[in-house]
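Student: Could you take me through one part of this model slowly? I'd like a close look at the ligand site and the strands that go with it.

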Amino acid sequence: MKPAPFTHHRPDTVEDVLELLAELEEAELLAGNQSLGIVMANRLATPDHLIDLNGVDELAGIDVTDGVVRIGAMTRHRTLERSDRLASVLPMVPEAAEQIAGPSVRNQGTLGGSIGEADPAGNYPAALIALDGSLHLRSLEGRRDVPAEEYFIAYMFTELREDELIESVSIQTDPFPPERTGMAFLELKRAAQTWPTVSAATALRVDDPTAADPIVEDVRIALANAADVPLRVEDAEAVLEGEPMTESGLDEVAELVTAAVMPEGEMHADREYKENVAGEYARRSLETSYQRAVHTADGV
Ligand SMILES: Cc1cc2nc3c(=O)[nH]c(=O)nc-3n(C[C@H](O)[C@H](O)[C@H](O)COP(=O)(O)OP(=O)(O)OC[C@H]3O[C@@H](n4cnc5c(N)ncnc54)[C@H](O)[C@@H]3O)c2cc1C
């Protein structure tokens, strides 16, 4: 099937995008077109107008200043995957990016498109929640900031209004200083280049990585494709905080995560299987995060 007819608009500035968004009925933003094109080709969306963001250069880029990482909405997965700057301060982001689909999707797909799509299986929504990131939304009325944790409301339903666009995201680096932090993004895929069955995103800071048994000071755990929104499991985090990492602690975390998630069953993975994978992948991701936090101090 082909998409229904539409008018294509190609503004150069965010201001022009916002004016079009305010003025046009039934308009949709177009970013990397890796998801929207499929939806439109199947006539699950039939916008009258597409507002193409690909000419709006000010929406792309990575900036790290004063302990804040800011990433523009039109930054491609490939750019995030290959950013050495991000790898040194927030390695979860490149790790999440490199596991998205195959090279053709990563070359075109964007951070803003992934968040705009708001699929609970998406990599960045879970990563942003694990990193306590914020979304920066903009309309003609002005800008507003929404913590990632509050942005995703229900299945593919978000805080974003019809007259708004996602301008950028930001993440503070202070809570997770690289020298005492490990983080990981771990996904189970049924086949290469497909969406994940379940993913776990974890970030963890220890008190002293050179100690015999470093204490976990702060930890955040988020799951993708394990509920109708990306899910943070705070009671599992509380089990680990203030303690050294132990097998019994990780067992308890896995149990709590398994109990907390509410996944939809799929053709190749029923609900019970996904619940168990969520618990097990949270555990594995935490083990990796802890090892990375401790190894950071050795320079390994
Ligand atoms: C085969 C395949 C496998 C994939 N596997 C994964 C995976 O494992 N993990 C994963 O995370 N993703 C996966 N994806 C999705 C991929 O990440 C897409 O690129 C992404 O979800 C959409 O980004 P896009 O830039 O192409 O957005 P588009 O398709 O252009 O737009 C998607 C939606 O976002 C809206 N939008 C775009 N930009 C903005 C903005 N700045 N502000 C507000 N709304 C906006 C659009 O209006 C549209 O509704 C996969 C896609 C494919 C085709």
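Tutor: Sure, here's a walk from the ligand out to the strands, and then over to a second group of strands. Keep in mind that this is a predicted model.

Let's start with the ligand itself. It has 33 residues around it, and the closest are Leu29, Gln34, Leu36, Thr110 and Glu117. If you're after polar atoms, look at the ligand's oxygens. One of them sits 2.3 Å from a side-chain N or O atom of Glu117. The backbone joins in too: a backbone N or O atom of Leu29 is 2.5 Å from a ligand oxygen, and for Ala31 the corresponding backbone distance is 2.9 Å. As for cover, the ligand on its own would expose 980 Å², and the protein buries 92% of that.

Who supplies the shell? Strand S2, helix H2, helix H7 (111-117) and strand S10 (165-172) are the elements that each give two or more residues to it. H7 has the largest share, with five residues. Sorted by class, the shell holds 15 nonpolar residues, 15 polar ones and three charged ones.

Now follow S2 away from the ligand. This strand covers residues 27-30 and runs parallel to strand S3, with four bridges joining the two. Leu29, which we just met as one of the closest residues to the ligand, stands opposite Ile51 in S3. Helix H2 (residues 36-41) belongs to this story as well: S2, H2 and S3 together make a right-handed β-α-β unit. So two of the elements that feed the shell, S2 and H2, are also parts of that unit.

S3 has another parallel partner, strand S1 (residues 7-9), and three bridges link them. In that pairing, His8 has Leu50 of S3 as its bridge partner. What about the faces of S3, residues 49-52? Both are covered: His49 and Ile51 are buried on one side, and Leu50 and Asp52 are buried on the other.

Further along the chain there's a run of antiparallel strands worth opening up. Strand S11 (residues 181-189) and strand S12 (residues 196-206) run antiparallel and are joined by nine bridges, with Gly182 standing opposite Leu204. The two form a hairpin with six residues between them, and in the turn Gln193 has a positive phi of about 70 degrees. S12 is well worth colouring by accessibility, since eleven of its eleven residues are buried.

On from there, S12 is joined to strand S13 (residues 216-224) by eight bridges, again in the antiparallel sense. Here Ala200 stands opposite Leu223 of S13.

One residue of S13 deserves a stop: Arg220. Buried or exposed? Arg220 counts as buried because its relative accessibility is 9%, and the cut-off for buried is under 20%. Its side chain has polar company: the side chain of Arg220 makes a polar contact with the side chain of Glu149 at 3.1 Å. A polar atom of the Arg220 side chain also lies 3.3 Å from the backbone oxygen of Ala130.

Notes:
Residues are numbered from 1 along each chain as its sequence is written. This is a predicted model: local features need pLDDT of at least 70, side-chain atom pairs count only at pLDDT 80 or more; totals for chains, interfaces and linings use all residues. Side-chain values use heavy atoms; hydrogens and water are left out. Buried means under 20% relative accessible area, exposed over 50%, partly exposed in between (1.4 Å probe, protein chains only). Two strands pair if DSSP finds at least two bridges between them. A crossover is right-handed if, with the strands pointing away from the viewer, the path from the first strand over the helix to the second runs clockwise. A residue is near a molecule or strand if one of its heavy atoms lies within 4 Å of it. A polar contact is a pair of N or O atoms within 3.5 Å; within protein, one must be able to donate a hydrogen and the other to accept it, and residues adjacent in sequence count only if both atoms are side-chain atoms. Accessible areas come from the Shrake-Rupley method with a 1.4 Å probe; for residues, only the protein chains shown count as cover. Ala, Val, Leu, Ile, Met, Phe, Trp, Tyr, Cys and Pro count as nonpolar, Asp, Glu, Lys and Arg as charged, and the others, Gly among them, as polar.
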